[in-house]
Amino acid sequence: MKKITEFTREELLELQEELEKQYEEFKAQGLKLDMSRGKPAASQLDLTNGLLTALDDYHTESGLDARNYGVLDGIPEAKKLFSDLLDIPVDKIIVGGSSSLNLMYDAMTRLMLFGTQGEKPWKDVKGIKWLCPSPGYDRHFAVTEDMGMELIPVPMTAEGPDMDVVEKLVAEDDTIKGIWCVPLHSNPLGACYSDETVDRLASMKTAAKDFRIFWDNAYGVHHIYEEVPLKDIFKAAAACGNEDRILYFFSTSKITFPGAGIAIMASSLSNIAEIKKHMTIQTIGHDKLNQLRHVKYFGNAENIRAHMRKLADALRPKFDMVLDTLDAELGETGLASWVTPKGGYFVALDTLPGCAKETVRLAKEAGVTMTGAGATWPYKKDPKDSNIRIAPTYPTIEELDKAIHLFCLCVKLAGVKKLIGES
Ligand code: PMP
C-alpha cells in the first residue's frame, strides 16, 4: 500500500474530503471524552477499596497511637514496606504525605533556599539551569521553571536520556545543577533506563559539586507487558562516591488512591539527615493513619506486586486497544510514529512535524480532550510540534474505542492538510 506521505496532490485532496466527512460524523456524536491526564479509572480505584476499611486498629506495631502527633519521617512498618518493595535500606527512606510531586517541590525549594552539603544556596547561583529529558513530564518541568531555572531539553532515547549529550553538558557547566529522570516506563515515552544509562548517570563527572539527580521512579512497579528490571542507582553511585547525588522519589498514587496514597523519598544518610533538619521545622509529621492502613491492607511488598499484576490485567485491554488502533489506522500511513510501552501510563505519538497542535485542536473540537500539544517539552514548546501524549487509563473501554478512533482521524486530517499545504 502506498503511504499517504507519498500521495499526489489530487489523491490528498480526495482523501481530505473523505476524512472531513468522517470528522463531521464524529462531531455530530457530541462526544465528551478526556484522555488528557494519567488518571486511574474508577474501576482501577475499586481494586483497592479494601483500604477504606483496612484500619481496624490505630496502634502501630510498637504500640504507638497513630491518631496523635509524632514520628517525623514515617512509621517503621511503612518504611519497611517500601524498603522491601524498592530494595532501599530503611534508614535511607523518609515517608512523606500523599504526593511525591510535593516532596520533589519541597526538595527543590530546600536546595534553592539552603543549598546542600555546604555548597551555596541555589537561589544565589546566577544563570542556574536544569536538564529536562524531553519528551518528559510537564509537572516536573513546571517545578524547575517555577524556581526560575533555565530548562535545557535533552533528547530521549529508548534507553533514557542521550548520555553523550548529558555528560558533555554537565562536565562543562557548573550552573547546571541537576536532571529530571523517570527511570522506568517514563512519562510519556515509556522508556526504561538501561544499566549503562544508570551507570553513566551515577558516575559522570559534573562541574557542579552539588549536582542532583531527581530520580522519580513513579512507575517503578507499573509493568503492563513486561517486568523490566532497573539497576540500583544508589549502589552504582556509591561505588563512585556519588551517593549524595541521588534524590529518589516514589508514591502509591497509581497503586492505591492518587491524592490519598503514600509518597516517599530516599537518599544518602547524610542527605537524609540534612533534609530532616528542615523537615522538622516544616511539619510535626505526616498522616500515620494513612501509612498504617496501607501497611495493614497490603501486609507485605509481594502483595503490592500481586496487586500490580491485577492492575496490569485491568489496563492491558486499554493499551491493546490504543496500540492496535494506532497500528490499524496509522501504521501504513507514514503520518505518525510511536513506541509500544512495556508499562506505565502513556503512549507517546509523534505526528508529522508541525501537526501536533492541529491534531489536538481537531480532537478537542470534536469532543476529545488530549494532553495539550507541547506539554511534554520545557516551556510547553515542542520544537517540532509533533509529540502528543495519549493517556488511555481514565476512559472506559467503550469511550476509549471512540476516542482513539477519532484521535487517529485527527492525526490523518492534520497530516493531510499539512501535506496539501506543502504540495
Ligand atoms: N511523577 C510522574 C512521572 C508522574 O507521572 C506523576 C503523576 N502523573 C507524578 C510524579 C505525580 O505523583 P504524585 O501523585 O505522587 O504527586
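This is a short walk through the model, stop by stop, with something to select at each one.

Before you click anything: the model is predicted, so local features need pLDDT of at least 70 and side-chain atom pairs count only at pLDDT 80 or more, while totals for chains, interfaces and linings use all residues. Residue numbers start from 1 along each chain as its sequence is written.

**The whole chain**

Select the protein chain and zoom out. Its C-alpha atoms fill a box of roughly 75 × 55 × 30 Å along the principal axes. The radius of gyration is 23 Å, which agrees with the value near 22 Å for a compact globule of 423 residues; it is taken over C-alpha atoms, and the globule rule is 2.2 Å times the number of residues to the power 0.38.

Now switch to cartoon and you get 13 helices and 13 strands. These are DSSP runs (H or I, at least four residues, for helices; E, at least two, for strands), numbered from the N terminus.

Colour by burial next: 45% of the 423 residues are buried. Buried takes 20 or more other C-beta atoms within 10 Å of the residue's own, exposed takes 12 or fewer, and partly exposed is in between, with C-beta atoms placed from the backbone.

**The ligand**

Select the ligand and its shell. You should find 13 residues around the ligand, with Ser99, Ser100, Leu101, Ser251 and Ser253 the closest. A residue is near when its C-beta atom, placed from the backbone, lies within 6 Å. By type, the shell splits into 6 nonpolar, 6 polar and 1 charged. Here Ala, Val, Leu, Ile, Met, Phe, Trp, Tyr, Cys and Pro count as nonpolar, Asp, Glu, Lys and Arg as charged, and the others, Gly among them, as polar.

**Backbone oddities**

Most residues other than glycine have a negative phi, and most peptide bonds are trans. The next four stops go against that.

- Proline 135 sits in the loop between strand E3 (129–134) and helix H5 (138–146). The bond from serine 134 to proline 135 is cis, with omega near 5°.
- Proline 188 is in the loop from strand E6 (176–181) to helix H7 (195–203). The bond from asparagine 187 to proline 188 is cis, with omega near 5°.
- Aspartate 87 is in the loop between helix H3 (76–86) and strand E2 (93–95). Its phi is positive, near 60°, and aspartate 87 counts as exposed because it has 12 C-beta neighbours inside 10 Å.
- Lysine 380 lies between strand E12 (368–370) and strand E13 (387–390), in the loop. Its phi is positive, near 60°, and with 14 other C-beta atoms within 10 Å lysine 380 is partly exposed.
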